[in-house]
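User: Please take a close look at one metal site in this model. I want the donors, the geometry and the surroundings.

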Amino acid sequence: MNQSFEKLQNQLEKAMALQTAMVLFEWDNETAAPKEAAERTAAVIGSLSSQYLDIMTGEKLKTALKECSGQMSEMTEVEQAIVRETEEEVEKLERIPADEYRSFAELTARATGIWADAREKKDFSLFAPVLKEIVDYQKRFASYQAKEGQKLYDVMLDNYEKDFGMKELDEFFRVVKEGIVPLLKESAKRSEQIDDSFLSAGYTEEQQEKAARFLAEYVGFDFDRGILAVSAHPFTTNLHNKDVRITTHYLDRIDSSIYSVIHESGHAVYELGIRDDLTQTPAGQGASMGMHESQSRFFENIMGRNRNFWVPIYGNMQEIFGSPLKEVSLDDFLAAVNKTIPRLIRTEADELSYCLHVLVRYEIEKLMIEENAEIDSLPELWNDKYEEYLGIRPKDDGEGILQDIHWSQGSFGYFPSYALGNAFGAQLYHRMKQEMDFDGLLREGRADVIREYLREHIHQYGKLKTSRQLLKDATGEDFNPAYYVEYLTERYGK
Ligand code: ZN
């Protein structure tokens with residue numbers, strides 16, 4: 001091993017250990033910790049995180065990093081990726097002056113409380129002043145980072161998904177909107193007659209948990225390298241490729257936990273599939289937020305809402321849940337879980353209307369950051385867009401502009417990666433159908449072949465390549481949103 005790289009790795013090992021500990025505390029907070037632990041745990045996490053910051057921005061690490069950048073040609077591909085990702089992380093940590101960073105952290109800590117209160121009271125005007133402050137901070141932070149001539153919203157987008165700025169996204173959403181809006185109208189009309197009452201028929205939590213474990217294992221979640229727990233909102237936590245954890249929730253409707261578990265298993269299988277020489281390094285996680293979401297949504301939708309996926313295992317579900325599911329045919333089950341009805345809340349959206357929810361947020365963020373839109377005018381704008389794209393209008397701010405936590409946390413530019421993920425997945429799916437009998441494999445219970453394909457082409461690489469490069473290498477062409485419309489038309493167009 002290169003000597004400079006060895007020095008760098010010594011520092012990184014310490015930093016990664018601290019990060020792993022922080023992640024574990026965060027997991028514990030959401031799943032198991034007693035209520036009164038919160039305050040002391042927050043202090044522990046605060047201390048760990050400042051130690052992390054000290055190492056990452058310390059002289060030892062920076063000297064080693066500098067030496068490494070001068071010797072890139074002597075390094076392996078993996079070493080180069082680790083150097084590159086470390087440089088990016090250090091740059092990110094140092095970009096914002098410490099005092100501004102601290103006051104922003106205090107502001108968002110306060111803002112999430114204000115947002116929650118405003119949402120409960122369905123009154124945007126309570127949130128508007130603090131949102132204005134957050135937007136100002138975000139613009140300033142983006143300006144510290146912007147390259148010559150770069151637009152501020154492009155900087156924010158780039159933080160979540162490299163190579164996808166407003167130019168790419170405008171075109172992406174144009175194609176998606178033109179394809180989906182007419183499809184949704186037709187499909188929603190047909191969905192009105194579908195009976196889905198058997199999905200909430202008093203099934204117990206034990207039954208749901210049994211189904212969740214069965215499904216997680218079926219799609220490739222490895223219970224020797226992961227665990228399943230319960231939390232308010234489902235999420236995935238990864239420590240390294242031998243320890244990836246998922247959560248779900250058990251509500252009245254069983255399709256909620258069924259699809260949550262398949263979704264989170266998709267995230268988990270990605271992290272479990274990352275190579276040993278990358279895991280627990282700065283390059284050892286999913287390529288991007290969008291690529292991550294592409295895998296979880298691939299599992300959830302492209303596989304999980306395909307009739308063939310259920311052929312070998314629907315009997316198991318009927319056995320676990322008993323009546324009335326036992327008396328429901330597979331076709332009726334499929335029709336119920338694929339029902340498309342435009343709803344006001346993004347997280348409850350069906351597969352078809354999902355991207356339109358994201359589009360609304362993208363357009364409004366663009367107006368906020370690039371056009372200096374009046375914050376007070378946003379609820380009206382939001383409602384108009386819902387009416388235009390989804391044909392429904394929120395009756396108050398609670399089910400309108402106040403529904404997402406993201407802006408109160410200072411996350412701008414984050415939403416589009418949800419939509420991009422769907423499109424990445426559809427492009428991969430298009431390619432896979434040329435290389436394998438996708439439906440036949442699912443029918444025969446061979447989801448493992450599909451998973452293995454994704455591991456080989458996407459998962460193993462971690463951050464070795466950008467999402468755009470991964471997609472190019474896996475499918476032989478650059479990103480093309482037409483495949484997403486093609487996929488949705490195939491599924492919902494008849
Ligand atoms: Zn997800």
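Analyst: Four donor atoms surround the zinc ion, and their angles of 48 to 123° make the site irregular. Four donors would be tetrahedral if all angles lay between 85 and 135 degrees, or square planar if opposite donors were over 155 degrees apart and all others between 65 and 115; anything else is irregular. This is a predicted model: local features need pLDDT of at least 70, side-chain atom pairs count only at pLDDT 80 or more, and totals for chains, interfaces and linings use all residues. Residues are numbered from 1 along each chain as its sequence is written, and side-chain values use heavy atoms, without hydrogens and water.

The donors are NE2 of His263, NE2 of His267 and, listed twice, OE of Glu293, at 2.1 to 2.8 Å. Donors here are N, O and S atoms within 2.8 Å of the metal (3.2 Å for Na, K and Ca); water is not among the atoms, so the site may look incomplete. Their spacing along the chain is H-x3-H-x25-E.

His263 sits in helix H10, residues 254-272. His263 and His267 are about one helical turn apart, because four residues separate them in H10. A helix is a DSSP run (H or I) of at least four residues, numbered from the N terminus.

His263 is buried at a relative accessible area of 10%. His267 is buried too, at 10%. Buried means under 20% relative accessible area (1.4 Å probe, protein chains only).

Beyond four places in sequence, His263 is in contact with Glu293, Ser296, Arg297 and Glu300. Contact means heavy atoms within 4.5 Å.

Conventions: Helix = DSSP H or I, 4+ residues; strand = E, 2+ residues; numbered from the N terminus. Buried < 20%, exposed > 50% of the residue type's maximum accessible area, 1.4 Å probe, protein only. Tetrahedral: all angles 85-135°; square planar, octahedral: opposite > 155°, others 65-115°.
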